[in-house]
Amino acid sequence: MTKRHGYALLAAVLAVIVVVSAAIYVGVTGTGDDARDTINAGGRTPRNSAAPASSGTWVGSWSASPAGAEPRTERKGFAGRSIRNVVHTSVGGASARVTLSNLYGTTPLSITHASIAVASPTNDPAAAAGTLRRLTFNGNTSVVVPPGAQVMSDAARLRVPHDADLLVTTYSPTPSGPVTYHPHARQISYVADGDHTEDPNADAYTEQSPFWRYLTAVDVLSNETDGTVVVLGDSITDGISSTMGANRRWTDVLSDRMRTETGAPRYGVVNQGISGNRVLSDGTGQPAANPSGLSRFDRDVLDRTGVKAVVIALGVNDILRNPHQNDPDRIVEGLRELTRQAHTRGLRVVGATLMPFGGHRGYEPGLEAVRQSVNEQIRSGEVFDDVVDFDRALRDPYDPRSLRAPYDSGDHLHPSDAGYRKMAQTFNLSHLRGSAAAEL
């Protein structure tokens, strides 16, 4: 072969490669990202919606602590049913990923389909047009979560709004044993018989639920948010007395302030409150239901995505619940230990004083003395980096042992919606900035 013929052959080969490559490119991208990733109103099944990470920061937009095993799910779990969790975002982003937990399961949890969507504005389980995405796990549409474990999905390309509801749906075809759940959602979610994971409409979702099941976190890839603040608390942080479905927990109002106020740190807010939670004592079972703040700090705080600061609002249940913790120094030492653990990661900690419970059925003068002693030590500055004084903000000025009437939900322990709003307004947002103190 002459050199001239060799060059001609090489040019022909290169031309073929270019044509084939162009055909492959057109075949992959010609329908557009939205067409690949979206289920339209006609119910077309999407391809894999996993999205390569683009620029931005992964932060927590929503989270809920796994609190125990749902009663009466020990045998079948939710086999053959679709669970559509409704959750509310604190910040938005260009992609989303979720965490599913089988912490309290005793057998493997098989999820064969999962999806995420922005909820329609009609306050029902329908997806907003063009937003339903199939979730994948390491590129697969199904995943098996071992007992006691959790999994994180791949990133799904989805424009997630801030201050909006998302639908995260899972389907398991086989019995999974006890269902890991968060019982006090203050938000209605939904269940359907059969696999309706990729239904954009609400027709099949005829059963309502006040729980969040399996889902424990939603992260977003954000260009406008710098990190996450994690709030560790009890039923007051859980928002147990707030209006159902209205997102009026004090952490929701805090999130609104951080998003709208000039000069505020741009953090997502994730609520790690568990009703009845204590600093020192676990619940029963193995693993323990309602684990103590000390037990769950790694899982629920340090392992959250993009965490920059921590708020701790715990201690009143140590005093109120049996057996009563009558030694304030033990409670305070537990709170100091939480601060020390946060400091090992360079995280700043803001701690809350314990609010009054005069008039509550568990009130005793001796328990009030313990609360006062804990608060005195918190205010001293030797427990946390900074303090938010919820006690002073919400107590009755004429009877400091009790909540002020407009801030009382009626049980003399949990705040009303107005009380939750007051808590968030009391918070000094600048306390969330900066690094941890060297030592307390």
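The lining of the second largest pocket in this predicted model divides into 7 nonpolar, 7 polar and 4 charged residues. The volume of this second largest pocket is about 290 Å³. It is lined by 18 residues, and G92, H162, S222, E224 and T225 are the closest to its centre. Two or more lining residues come from each of β4 (93-101), β10 (156-160), β16 (215-222) and α4. Helix α4 gives the largest share of the lining, 3 residues.

The largest pocket has a volume of about 340 Å³. Its lining counts 30 residues. Nearest the centre of the largest pocket lie H88, N247, R249, T251 and D252. By class, this lining holds 9 nonpolar, 13 polar and 8 charged residues. At least two lining residues are supplied by each of β1 (57-63), β3 (81-88), α4 (250-260), β18 (267-273) and α10 (417-426). Here, too, α4 makes the largest contribution, with 5 residues in the lining of the largest pocket. Helix α4 thus has the largest share in the lining of the largest pocket and in that of the second largest pocket.

Aromatic contacts were examined next. The whole structure contains 5 aromatic pairs. One of them joins Y181 and F211, with ring centres 5.0 Å apart. The planes of these two rings stand at 85°, so the pair is classed as edge-to-face, a term that applies over 60 degrees. Y181 belongs to strand β12 (residues 180-182). F211 lies in the loop between β14 (207-209) and β15 (212-213). The two residues are 30 apart along the chain, and their pair links distant parts of it. Y181 is buried because its relative accessible area, 12%, falls under the 20% limit.

A further ring pair is formed by F357 and Y363, whose centres are 5.9 Å apart. Their planes meet at 65°, so this pair is also edge-to-face. F357 has a relative accessible area of 0% and is therefore buried. Y363 reaches 22% and so is partly exposed. Ring pairs also link W250, F390 and F427 into a cluster. A charge-ring contact is found at W58: the charged end of R97 sits over the ring of W58, 4.2 Å from the ring centre.

Strand β12, which carries Y181, is part of an open sheet of 3 strands. The strand order is β2-β12-β15, and the pairing is antiparallel. The edges are formed by β2 (68-69) and β15, each of which pairs on one side only. Strands β12 and β15 run antiparallel and are joined by 2 bridges. Within β15, R213 stands opposite Y181. Y181 therefore combines a buried position with a place opposite R213 in the sheet and an edge-to-face pairing with F211.

Another arginine, R345, is located in a loop. This loop runs between α7 (328-343) and β20 (348-352). R345 has a relative accessibility of 47% and so counts as partly exposed, below the 50% limit for exposed residues. R345 and V307 are separated by 38 residues in sequence. In space, the C-alpha atoms of R345 and V307 are 9.5 Å apart.

Key: Residues are numbered from 1 along each chain as its sequence is written. This is a predicted model: local features need pLDDT of at least 70, side-chain atom pairs count only at pLDDT 80 or more; totals for chains, interfaces and linings use all residues. Side-chain values use heavy atoms; hydrogens and water are left out. On a 1 Å grid over the protein atoms alone, a cavity is a set of points where a 1.4 Å probe fits but cannot get out, and a pocket is an open set with protein on both sides within 12 Å along at least five of seven lines; lining residues have an atom within 4 Å of a point. Grid points are joined across faces, edges and corners, and a volume is the space filled by probe spheres set on the points. Helices (H or I, at least four residues) and strands (E, at least two) are DSSP runs, numbered from the N terminus. Ala, Val, Leu, Ile, Met, Phe, Trp, Tyr, Cys and Pro count as nonpolar, Asp, Glu, Lys and Arg as charged, and the others, Gly among them, as polar. Rings of Phe, Tyr and Trp (its six-membered ring) pair if their centres lie within 6.5 Å; planes under 30 degrees apart count as stacked, over 60 as edge-to-face and the rest as tilted. Buried means under 20% relative accessible area, exposed over 50%, partly exposed in between (1.4 Å probe, protein chains only). A charge sits over a ring if NZ of Lys or CZ of Arg is within 6 Å of the ring centre and within 35 degrees of the ring normal. Two strands pair if DSSP finds at least two bridges between them.
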